[in-house]
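Here are my notes for you on this one, written as numbered points. Keep the viewer open and look up each residue as you go.

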Amino acid sequence: MDTMRERFAAVTSRLLDEDPRLAVVLAEIGKDGFTAAHERHPDRVLNVGIREQLLVGVGGGLALTGLRPIVHTFASFLVERPFEQVKLDFGHQGVGGVLVSAGGSYDWPAGGFTHMSPGDVALMDTLDGWTVHVPGHPDEAEVLLRHAAAAGDDKVYVRLSVQTNEAPRPVDGSRFLTLREGRAGTVVAVGPMLDNVLAATEGMDVTVLYATTVRPFDGAALRAAAGGTGAADVVLVEPYLAGTSSAAAGEALQDIPHRVLGLGVRRQELRRYGDMPDHLAAHRLDAASLRERIGGFLGAG
C-alpha cells in the first residue's frame with residue numbers, strides 16, 4: 001500500500017493536469033514526487049527552497065492572482081514556523097488555499113522535536129474559517145485532497161500521517177461516521193487513531209464515531225450519539241495534542257450534562273527517538289492503554 005504522502009503527490013499531479021487553476025508550492029521537501037508534474041507545468045509547480053515563510057507567502061500571493069495554491073511541507077514547517085504568514089497571507093488577505101502537511105506528531109522520531117508538530121491543529125484552531133481534514137488511510141486522503149482542491153476559495157488544512165488504519169472508510173469531507181453503537185458513552189476516534197480505538201473498545205457497550213474532518217466539528221453527530229440519555233460521557237482520541245477538540249465537544253453538548261475526556265499527545269517532550277509504536281505507547285495511545293483509560297472513564301471496561 002502506498003503512503004498518504006505518495007498518494008498526495010500522485011493525486012495532486014493528476015489534478016494539475018485537470019485543473020489549470022491549481023498550483024503547487026514546495027520548500028524542497030517532497031519535490032521528488034513532483035518531478036514529472038514540474039516538467040509538464042513548470043509555471044505551476046514551484047520550489048522556493050528551504051524558506052518556509054516564503055513558501056506560505058508565495059501560496060497567498062498565488063491565491064491573490066486567482067489560482068488555488070496547494071502548499072506542502074512538514075507540519076512543523078508549514079504551520080508552526082510560518083504561522084504569521086498563514087494568519088496574514090491567507091486569513092487577513094481573505095484568500096483561500098490548501099495546506100497539506102506531513103510529519104504529524106511523531107512520524108519521523110529520528111528527526112527530533114524540530115520535525116514533530118503535535119500542536120498544529122490546536123494552533124490552526126486559533127484562526128477563523130479553516131477546514132481541517134485528518135485522513136486515516138491513503139484512500140481517504142485522496143478523497144479529502146480532491147475535496148479540498150475543488151473547494152472554491154475555502155481555506156483547508158490536510159494533515160497526512162505515516163500512521164494509517166488497515167481499511168479506508170467512506171468519508172465525505174464533513175460528517176463523522178457511526179461505526180458502533182452503545183449506551184455507556186461515546187468515543188470519537190480521529191483519523192489514524194481509529195484502529196487502536198476499535199481494538200481498545202472491543203466488547204464495550206459504547207458508540208464509536210470516526211472523524212476525518214475535525215473542523216468544522218460535527219457537533220450534530222456527537223449530539224445524536226449522546227441520544228436521549230439525559231447526559232453524555234465522551235472520549236476524544238486525537239493523534240495530536242490532547243484536548244484539542246474538547247472545547248468543540250463541550251460547545252456541541254452545552255445544554256446537556258456531560259463529561260469529556262481528551263486523549264492525545266501529551267505536552268511533555270519525549271527526548272528519546274524510538275519509533276512510532278514507542279511514541280504511541282509513551283503517550284498511552286496504544287490499544288492496551290486506551291482500553292484502560294476509556295474503560296476507566298466510562299466504567300465500561
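1. Start with leucine 26: across from it, in strand 3, stands histidine 72. Keep in mind that you're looking at a predicted model. The two strands involved, strand 1 (residues 22–26) and strand 3 (residues 68–74), run parallel to each other and are joined over 5 bridges.

2. Now look at the other neighbour of strand 1. Strand 2 also pairs with strand 1 in the parallel sense, here over 3 bridges. For a landmark, find valine 24, which stands opposite valine 45 in strand 2. As background, the strands of a sheet pair through backbone hydrogen bonds, and they can do that either parallel or antiparallel.

3. Is strand 1 mostly covered or open? Mostly covered, with 5 of its 5 residues buried. Try colouring its side chains by direction: Leu22, Val24 and Leu26 point one way, Ala23 and Val25 point the other way, and every one of these is buried.

4. Zoom out to the sheet. What is the order of its 7 strands? Reading across, you get 2-1-3-4-6-5-10, in an open sheet with mixed pairing. Strand 2 (45–47) and strand 10 (213–215) are the edge strands; each has a single partner strand, so one side of each has no neighbour in the sheet. From one strand to the next, the twist averages 20°.

5. Further along that order, check strand 5 (residues 130–133) and strand 6 (residues 155–159), a parallel pair with 4 bridges. A handy pair of residues to click on here is valine 132 and its bridge partner in strand 6, tyrosine 157.

6. Helix 7 makes a nice little sum to try. It has 12 residues (138–149), and at 1.5 Å a residue they should span 16 Å; the end C-alpha atoms are indeed 16 Å apart, so the two agree. As for which of its residues are buried, the list is Pro138, Glu140, Ala141, Glu142, Leu144, Leu145, Ala148 and Ala149.

7. Last, the holes. Searching the whole structure turns up 3 cavities of 30 Å³ or more, and the largest holds about 70 Å³ of space. What lines the largest cavity? The residues are Gly104, Ser105, Tyr106, Asp107, Val134, Arg159, Ser161, Gln163, Pro192 and Pro239. Sorted by type, that lining comes out as 4 nonpolar, 4 polar and 2 charged. Arg159, one of the lining residues, is worth a second look, since the range of strand 6 is residues 155–159.

Note on methods:
Residues numbered from 1 in each chain as written. Predicted model: local features only at pLDDT ≥ 70, side-chain atom pairs only at ≥ 80, totals over all residues. Heavy atoms only, no water. 1 Å grid on protein atoms, 1.4 Å probe; cavity = no way out; pocket = protein on both sides within 12 Å on 5 of 7 lines; lining within 4 Å. Points joined across faces, edges and corners; volume = space filled by probe spheres on them. Nonpolar A, V, L, I, M, F, W, Y, C, P; charged D, E, K, R; others polar. Expected span 1.5 Å × (residues − 1). Buried < 20%, exposed > 50% of the residue type's maximum accessible area, 1.4 Å probe, protein only. Pairing = 2+ DSSP bridges. Axes fitted to C-alpha atoms, helices over the stretch in contact; angles between N-to-C directions.
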